[in-house]
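Biologist: I should like a close look at a single part of this model, chosen by you. Please then give a connected account of how other parts relate to it.

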Amino acid sequence: MRITCGIDWSEKHHDVAFMDADALIVARARISDDLAGFRRLTELLAEHGRS
């Protein structure tokens, strides 16, 4: 399955959405603008980036 990740950057947090090939949102998250948020983003990418 093909997944696309979109990130809406902000100064205090970032909103992340993962969509499938049909443009249906399969996951959403709000992550912080710090190391913990970056760690969470990489976890989400690993989780939803599997084929």
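Modeller: Two strands count as paired if DSSP finds at least two bridges between them. The model is a predicted one, and the part I have chosen is strand E2, residues 13-19. E2 and E3 pair in the antiparallel sense, with 7 bridges between them. Towards E1 (residues 4-8), E2 is again antiparallel, here through 5 bridges. A hairpin of 4 residues leads from E1 into E2.

The two pairings can be followed at a single residue, Ala17. In E1, the residue opposite Ala17 is Gly6; in E3, the residue opposite Ala17 is Arg28. The resulting sheet is open, has 3 strands and follows the order E1-E2-E3, with antiparallel pairing. E1 and E3 are the edge strands, and each has a single partner, so one side of each lacks a neighbour in the sheet. From one strand to the next, the twist averages 20°. Helix H1 packs on this sheet and touches E1, E2 and E3, while the direction of H1 makes about 165° with that of E3.

The residue before Ala17 in the chain, Val16, leads into the interior. Val16 belongs to the largest nonpolar core, whose 6 residues also include Phe18, Ala27, Ile31, Leu41 and Leu44. E2, E3 and H1 are the elements that each supply two or more residues to this core. Apart from neighbours within four places in sequence, Val16 is in contact with Cys5, Gly6, Ile7, Ala27, Arg28, Ala29, Ile31 and Leu41. Among these partners, Ala27, Ile31 and Leu41 are fellow members of the core. Gly6, another partner of Val16, is the residue that stands opposite Ala17.

Asp15, also in E2, takes part in a salt bridge. The side chains of Asp15 and Arg30 meet at 2.7 Å, N to O. Arg30 belongs to E3 (residues 25-32) and Asp15 to E2, so this pair ties together parts that lie 15 residues apart in sequence. Asp15 is partly exposed, with a relative accessible area of 26%, whereas Arg30, at 57%, is exposed.

The structure holds 2 salt bridges. Besides the one at Asp15, the side chains of Glu43 and Arg40 form a salt bridge at 3.4 Å, N to O. Glu43 and Arg40 both lie in H1 (residues 35-48), 3 residues apart, which separates them by about one helical turn. Both are partly exposed: Glu43 has a relative accessibility of 40%, and Arg40 one of 36%.

It remains to place the strand within the whole. The protein comprises 1 helix and 3 strands, which run β-β-β-α from the N terminus. The radius of gyration is 11 Å, close to the 10 Å that the globule rule gives for 51 residues, so the protein is as compact as a globular protein of that length. Along the principal axes, the C-alpha atoms fill a box of roughly 30 × 15 × 10 Å. Of the 51 residues, 22% are buried. Among contacts between residues at least 6 apart in sequence, 14% join residues at least 24 apart.

Definitions and conventions: Residues numbered from 1 in each chain as written. Predicted model: local features only at pLDDT ≥ 70, side-chain atom pairs only at ≥ 80, totals over all residues. Heavy atoms only, no water. Salt bridge = Lys/Arg side-chain N within 4 Å of Asp/Glu carboxyl O. Buried < 20%, exposed > 50% of the residue type's maximum accessible area, 1.4 Å probe, protein only. Core = buried A, V, L, I, M, F, W, Y, C linked by side-chain atoms within 4.5 Å. Contact = heavy atoms within 4.5 Å. Axes fitted to C-alpha atoms, helices over the stretch in contact; angles between N-to-C directions. Rg over C-alpha atoms; globule rule 2.2 N^0.38 Å.
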